[in-house]
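Me: I've got a protein open on my screen and I'd like to talk through how it's put together. Can you walk me through it?
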Amino acid sequence: MPIKNRFAELLPEITEWRRDIHAHPEILFETHRTSALVAEKLKEFGCDEVVTGLGRTGVVGVIKGRENGSGKVVGLRADMDALPIHEETGVEYASKIPGAMHACGHDGHTSMLLGAAKYLAETRNFDGTVVVIFQPAEEGGGGGREMCEDGLMDRFGIQEVYGMHNWPGQPAGQFAIRPGAFFAATDLFEITLIGKGTHAAKPQDGVDPTVMASHIVIALQSIASRNADPIDQLVVSVTSFETSSKAFNVIPQSVTIKGTVRTMSKDMRSLAEERIKAICTLQAESFGGSAEINYMRGYPVMVNHEMETDFAAEVAKSISGQCDEAPLVMGGEDFAYMLEERPGAYILVGNGDTAMVHHPKYNFNDDIIPAGCSWWAEIVEQRMPLKG
């Protein structure tokens, strides 16, 4: 089954929604305007129930099918938040908010799910209930976790849940997916190395935390090269190195380094945390200093469920004729929390030859809207077909 004709008809309207959201980006949980727009549209479409305020600013719409003999309830999730990036696209609908832009395509995700919701509310060609989920704070805020903690799955009786993300570099409108671990766990660390400050001309009178920290930055790379199983995935990156003094002639009292850890398994995640703490503590002591370590666990590994992944891939094939095997992604995705609570799957839809996500020149490709909307709709209609 190819792209649904209804979404080709709706493309100008959905594009208008998308560009309006794009021009008014909101970060983390501050999606007040976007959430209000979404809730207004869902009510306008005739959803049977519209709930706001889940996960602070999340929105949920309930659409009942023409029949409900199956008793099935399927959740569809899109993210709404933008990034703290200054836009450089030059498009006429560019961000009106300095220092904020939709650099990851959540404007497109939200609009595609709204388009699917409009179609599903119009047709109701399914046997069961669909729950459309619009989530804030995917970009580091854990909005998916907060919606789950607010009782999302139990309150609406969701039995399985599906998510989608656009993907630059993948041909426009073509899909890719993989079962099992897909997106990485994303942890953060902040380590302060404490020495003894002194004049730079008299290093023997102090304990130099810059040397201490420099050795630690190099030593941390040995976790991936010498502690981790080579066939498992692990990235340890130090991304910030800041001394307590900015003077040219002072050995500072302390140095703070920050960074991120990306892993694809619970065991590797625990190993990385353990080794970081040991390396920093012992290296600092070997120089006569000490280490204060703050290790912060972020999103867990996002794991696609096998049966639901196979189903999602078949739906994608029915729309675009193919569904590729997606690569492992070392970025994080807080849809992981929803997949920990219910079986489901997360798929990528190609954005074409565009700038990569999180880039100031990135822009969602409106041409892929019919493909994305069709996938959402077909997930529902094929999972909960009418018996007649």
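Me: Let's start simple. How many helices and strands are there in the protein?
Reply: Eleven helices and 16 strands. Keep in mind that this is a predicted model.

Me: And what's the radius of gyration?
Reply: It's 24 Å, close to the 21 Å that the globule rule gives for 388 residues, so the protein is as compact as a globular protein of that length. Along its principal axes, the C-alpha trace spans about 85 × 45 × 35 Å.

Me: OK, sheets next. In what order do the strands of the eight-stranded open sheet come?
Reply: The order is β1-β2-β4-β3-β5-β16-β6-β15, and the pairing is mixed.

Me: Which ones are the edge strands?
Reply: β1 (49–54) and β15 (323–325), each of which pairs on one side only. From one strand to the next, the twist in this sheet averages 25 degrees.

Me: Mixed pairing, you said. In which sense do β3 and β5 pair, parallel or antiparallel?
Reply: Parallel. Strand β3 (residues 73–79) and strand β5 (residues 160–168) share four bridges. If you want a spot to click on, V74 stands opposite E160 in β5.

Me: Which strands does α3 lie across?
Reply: α3 lies across β2 (58–64), β3, β4 (129–135) and β5. Its direction is at about 145 degrees to β3.

Me: Does α3 have a helix partner too? What's the angle where α1 and α3 cross?
Reply: Roughly 140 degrees, with the axes of α1 (residues 5–23) and α3 (residues 106–123) coming within 9 Å. Angles over 145 would count as roughly antiparallel, and α1 and α3 are therefore oblique to each other. The crossing of α1 past α3 is right-handed.

Me: Which residues meet there?
Reply: From α1, they include F7, L10, I14, W17 and I21, and from α3, M112, L114, A116 and Y119 are among them. R6, E13 and R18 in α1 also take part, as do D107, K118 and E122 in α3. By class, the contact of α1 with α3 has nine nonpolar, five polar and six charged residues.

Me: Switching to the other sheet. What's the strand order in the four-stranded one?
Reply: That open sheet runs β10-β12-β8-β13, with antiparallel pairing. β10 (234–243) and β13 (290–296) each have a single partner strand, so one side of each is left without a neighbour in the sheet. The twist here averages 20 degrees from one strand to the next.

Me: How many bridges are there between β8 and β12?
Reply: Ten, linking β8 (residues 185–194) and β12 (residues 254–263) in the antiparallel sense. One of the pairs is I194 with S254 in β12.

Me: Which strands does helix α6 lie across?
Reply: β8, β10, β12 and β13. Helix α6 covers residues 209–220 and runs at about 165 degrees to β10. Helix α8 (residues 266–286) also lies across β8, β10, β12 and β13, running at about 165 degrees to β13.

Me: Last one: how do α9 and α11 cross, left-handed or right-handed?
Reply: Right-handed. The axes of α9 (residues 306–320) and α11 (residues 369–383) come within 9 Å and cross at roughly 125 degrees. They are therefore oblique to each other.

Me: And which residues make up that contact?
Reply: E308, F311, A312, V315, A316, S318 and I319 in α9 meet A371, S374, W375, E378, I379, Q382 and R383 in α11. By class, that's eight nonpolar, three polar and three charged residues.

Conventions
Residues numbered from 1 in each chain as written. Predicted model: local features only at pLDDT ≥ 70, side-chain atom pairs only at ≥ 80, totals over all residues. Heavy atoms only, no water. Axes fitted to C-alpha atoms, helices over the stretch in contact; angles between N-to-C directions. Helix = DSSP H or I, 4+ residues; strand = E, 2+ residues; numbered from the N terminus. Parallel < 35°, antiparallel > 145°, perpendicular 65-115°, else oblique. Left-handed = near helix turned anticlockwise from the far one by under 90°. Contact = heavy atoms within 4.5 Å. Nonpolar A, V, L, I, M, F, W, Y, C, P; charged D, E, K, R; others polar. Pairing = 2+ DSSP bridges. Rg over C-alpha atoms; globule rule 2.2 N^0.38 Å.
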